[in-house]
Amino acid sequence: ENMGPVVVGIDTSGSIDDKTLQAFGGEIRALVQAVRPSEVHIVYCDAEVNHVDVFSPYDEMKFAPHGGGGTDFRPVAEYVREKDLSPECVVYLTDGYGPFPEQQSVPWLWCMTTDVVAPFGETIRIEV
């Protein structure tokens with residue numbers, strides 16, 4: 001019914017358009033509704049973490065893109081480490097074009113809008 005905290009990385013680089021960002025928001029809402037994490041850290045990241053929102057499963061989640069530069073997935077892993085978080089998992093919504101972090105100790109789920117396959121974790125393809 002419930003699970004611990006989840007970190008969600010949202011790729012806000014220049015290659016992600018508004019339609020894709022809206023699709024990402026729908027995926028996140030569905031995830032929260034399905035598993036009711038104790039809290040959700042939404043991490044907006046292009047080549048760096050630009051903004052973070054933290055929601056409870058009962059908050060109304062609103063998404064506003066922050067960023068628009070290059071792409072780097074490593075800052076989300078650094079955010080988890082720096083904040084000393086122990087999430088149940090990290091979910092990253094992206095087109096997959098950027099440098100990946102090293103293998104992480106928590107499970108990662110990569111939701112790709114392209115056919116890119118991440119070097120670790122599980123990769124699924126989402127349609128936008």
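Start by selecting residues 40-45, strand β2, in this predicted model. Show the side chains: V40, I42 and Y44 point one way, while H41, V43 and C45 point the other way. Which of these are buried? All of them are, and β2 is mostly covered, with 6 of its 6 residues buried.

Now add strand β3, residues 49-55. β2 and β3 run antiparallel and are joined by 6 bridges. Look for V43 in β2, which stands opposite V52 in β3. Follow the chain between the two strands and you will find a hairpin, with 3 residues separating β2 from β3.

Next, select strand β1, residues 6-11. β1 pairs with β2 in the parallel sense, over 6 bridges. Two pairs are good to click on: V8 has I42 as its bridge partner in β2, and I10 stands opposite Y44. How does the chain get from β1 to β2? Trace helix α1, residues 18-35, since the chain crosses through this helix, and the β-α-β crossover is right-handed.

Stay with β1 a moment longer and color its residues by side. V6, V8 and I10 are on one side, V7, G9 and D11 are on the other, and both faces are covered. Why can we call β1 largely enclosed by the rest of the structure? Because 6 of its 6 residues are buried, and buried means under 20% relative accessible area.

Moving on, bring up strand β4, residues 89-94. β4 runs parallel to β1, and 5 bridges join them. Find G9 in β1 and you will see Y92 of β4 opposite.

Zoom in on T94, which is also in β4. Is T94 buried or exposed? T94 is buried, with a relative accessible area of 0%. Display the side chain of D11 too: a polar contact of 2.7 Å joins it to the side chain of T94. To see what else T94 touches, leaving out residues up to four places away in sequence, select F24, F73, W110, C111, M112 and T113 along with D11.

For the last stop, select helix α2, residues 74-82. Highlight P75, V76, A77, Y79 and V80, the buried residues of this helix. What covers them? The cover includes some strands you have already visited, β1, β2, β3 and β4, together with β5, residues 108-112. Just past the end of α2, click on D84, which takes a positive phi of about 55°.

Key. Residues are numbered from 1 along each chain as its sequence is written. This is a predicted model: local features need pLDDT of at least 70, side-chain atom pairs count only at pLDDT 80 or more; totals for chains, interfaces and linings use all residues. Side-chain values use heavy atoms; hydrogens and water are left out. Buried means under 20% relative accessible area, exposed over 50%, partly exposed in between (1.4 Å probe, protein chains only). Helices (H or I, at least four residues) and strands (E, at least two) are DSSP runs, numbered from the N terminus. Two strands pair if DSSP finds at least two bridges between them. A crossover is right-handed if, with the strands pointing away from the viewer, the path from the first strand over the helix to the second runs clockwise. A polar contact is a pair of N or O atoms within 3.5 Å; within protein, one must be able to donate a hydrogen and the other to accept it, and residues adjacent in sequence count only if both atoms are side-chain atoms. Contact means heavy atoms within 4.5 Å.
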